[in-house]
Amino acid sequence: MSRTVVVLAAGEGKRMKSATPKVLHSLLGRTLLGHVLVAASSAAAERTIVVVGHQAEQVGAHLAEIAPEAVPVLQAEQNGTGHAVRIALDAVPDVSGTVVVLSGDAPLLRAETVTALIEAHESGRHAATVLAAVVDDPTGLGRIVRDTDGGLARIVEERDASADVRAIREINGGIYAFDGARLREALGKLSTDNDQGEEYLTDVFGLLVEVGSAVGVFVAPDAQETLGANDRAQLAGLRAMLRDRVNTAWMRSGVAILDPATTWIDVTVQLEPDAVIDQNSQLQGGTTVATGAVIGPDTTLIDTTVGAGATVLRTHSIGAQIGPAATVGPFSFLRPGTRLGRKSKVGGFVETKNAELGEGAKVPHLSYVGDATIGPKSNIGAGTIFANYDGVNKHHTTVGEAAFVGSDTVLIAPVEIGPGAYVAAGSAIQKEVPAGNLGVTRAPQRNVEGWTARRRAGTVSAEAAERAAADQKVE
């Protein structure tokens, strides 16, 4: 049987109070629309239609990026969900078989639930099937009204509901499966005689019941799957629910998450068993963490690869590759292009960008390493600056194997420090230091005798110097 998915994504989301269309707000690595499209993929549909309206160009551009096979259809005036589906079907007049209609703001919907809904609909040979849920507080949601035999009688929006209907706790999840031909026929009979003055898709169920068509109710295994977000507070609630779902799944697969309430992992992240994620950590984008690695506390990794057994402590990393058994942090900033070899080290208050450290290389303290290659077993002293930018262009620095760069050094690119070479502390190096040589640029030290007494008379420094001179005379 052929299948078509229709995603309703035309709404403005006024209560979000945002310049961003509601369906483009994100949580844990995907937009609301992105989450729904991933769930929809389980339908194995021949086509996916996304109804766009508010800021259609922006939504369409995002759609082209994440699901280029989907077809956007414009609903220029938002006259209700029934109107939106009718426009979608008018754009594809040969639609037949099962039509699955999804809300574009239901990010917790699981692919397994979409599959189960379709199976229940098709095996029951229903004209229409609604995904329902039982909730503690149904305020603001459409109610499932059943007949005396327990079957579906109609779906009633809260604005149009009586007090008795509002007391019902079984709600419409906004997810449906229809027989395409019967849906098209019923959509042509919808009216706007309701509180909103819109064409309600839910009225299709009442119309089908009136003509004796079989309609079904499929109850979601988890009511959270049907929840949408109308404002930022609800969006934050959904984000927390998804966080808990993601963290629970990873823990059950063997990942140690020490404080799940403060750990946020995007749905696009990949983790291996025995990885450890400490508190207040965020793993985003295409980040991967191998077995035995320890992340956090207080760490953010974005599109970062972490090798087996590595340790990353109180670090912000974007687009870096951290090799096996490497150590990073605390308070390190790894920028794109950073590649850390096995057992290498980036220590406290170090920033790297487009920098490669060989196996066992170390940058332990207070340094900036930009556009550089550092050979295996090299050591970069505290306070070293790789001066890579001349105001117009970026230049590269190479430090050879087992080289030693003393503290408070500036390496002015382009420059090369040869294998086994040393650079004296406090130097500003702008010429090659050949292999095995010592590079020094310090000026000879000169001490001006009696300067403090003459130029800083009456200060605490002058008094301390005077006491020290007196002590030397006594000795």
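Is Tyr176 buried or exposed? I began my notebook with that residue. I kept in mind that I was looking at a predicted model.

**Entry 1: Tyr176 and its ring partners**

I looked up the accessibility of Tyr176 and found 6%, so Tyr176 counts as buried, the cut-off being under 20%. Next I turned to the rings. I learned that two aromatic rings are described by how far apart their centres are and by the angle of their planes. The structure has five aromatic pairs. In one of them, Tyr176 and Phe178, the ring centres are 5.8 Å apart and the planes stand at 35°, so I wrote this pair down as tilted. Phe178 has a relative accessible area of 0%, so Phe178 is buried.

Tyr176 also pairs with Phe205. Here the centres are 5.7 Å apart and the planes are at 45°, so this pair is tilted too. I liked this one, as the pair links distant parts of the chain. Tyr176 belongs to strand β10 (residues 170–179), Phe205 belongs to helix α7 (residues 203–210), and the two are 29 residues apart. Both Tyr176 and Phe205 are buried. My sketch for the page: ring pairs join Tyr176, Phe178 and Phe205 into a cluster.

**Entry 2: charges over rings**

Staying with rings, I looked for charged side chains above them. I found Arg243 over the face of Trp264, 4.7 Å from the ring centre. I also found Lys394, whose charged end sits over the ring of Tyr389 at 5.5 Å from its centre.

**Entry 3: from β10 to β6, β1 and β4**

I went back to β10 and asked which strand pairs with it through Val99 and Phe178. β6 and β10 pair in the antiparallel sense, with four bridges. Val99 stands opposite Phe178 in β10, and that is the Phe178 whose ring pairs with Tyr176. β6 itself is mostly covered, with five of its six residues buried.

On I went to β1. Strands β1 and β6 run parallel and are joined by six bridges. Val7 has Leu102 in β6 as its bridge partner. Strand β1 (residues 3–9) also pairs with β4, again in the parallel sense and over six bridges. There, Val6 has Ile49 in β4 as its bridge partner. I checked how covered β4 is: five of its six residues are buried, so to speak mostly covered.

**Entry 4: β4, α2 and β5**

How many bridges join β4 to β5? I counted four, and the two strands run parallel. Val52 stands opposite Leu74 in β5. With α2, these two strands make a right-handed β-α-β unit.

Then I looked at the helix of that unit. In α2 (residues 56–66), the buried residues are Val59, Gly60, His62 and Leu63. Looking down the axis of α2, I saw that its buried residues fall within an arc of 160°, so they line one face of the helix. On the other side of α2, Glu57 and Glu65 are exposed. What covers the buried residues of α2? I noted β3 (30–31), α1 (32–40), β4 (47–52) and β5 (71–74) among the elements that do.

**Entry 5: helix α3**

I looked at α3 (residues 81–91) in the same way. Gly82, His83, Ala84, Val85, Ile87, Ala88 and Leu89 are buried in this helix. The cover over the buried residues of α3 includes β1, β4, β5, β6 (98–103) and α6 (180–187). I was glad to meet β4 and β5 again here, after seeing them cover α2.

**Entry 6: two single residues**

I picked Val369, which lies in strand β30 (residues 368–374). Its relative accessibility is 0%, so Val369 counts as buried. Leaving out residues up to four places away in sequence, Val369 touches Glu351, Thr352, Lys353, Ala355, Val363, Ile374 and Phe386. I also looked up its distance to Gly29: the two are 340 residues apart in sequence and 30 Å apart in space, C-alpha to C-alpha.

My last pick was Ala308, in the loop between β20 (305–306) and β21 (311–312). Its relative accessibility is 34%, so Ala308 counts as partly exposed. With residues up to four places away in sequence left out, Ala308 touches Ala290, Thr291, Pro324 and Ala325. Between the C-alpha atoms of Ala308 and Ala326 I noted 8.8 Å, with the two positions 18 residues apart along the chain.

Methods. Residues are numbered from 1 along each chain as its sequence is written. This is a predicted model: local features need pLDDT of at least 70, side-chain atom pairs count only at pLDDT 80 or more; totals for chains, interfaces and linings use all residues. Side-chain values use heavy atoms; hydrogens and water are left out. Buried means under 20% relative accessible area, exposed over 50%, partly exposed in between (1.4 Å probe, protein chains only). The arc is that of the directions from the helix axis to the C-beta atoms. Contact means heavy atoms within 4.5 Å. Rings of Phe, Tyr and Trp (its six-membered ring) pair if their centres lie within 6.5 Å; planes under 30 degrees apart count as stacked, over 60 as edge-to-face and the rest as tilted. A charge sits over a ring if NZ of Lys or CZ of Arg is within 6 Å of the ring centre and within 35 degrees of the ring normal. Two strands pair if DSSP finds at least two bridges between them. A crossover is right-handed if, with the strands pointing away from the viewer, the path from the first strand over the helix to the second runs clockwise.
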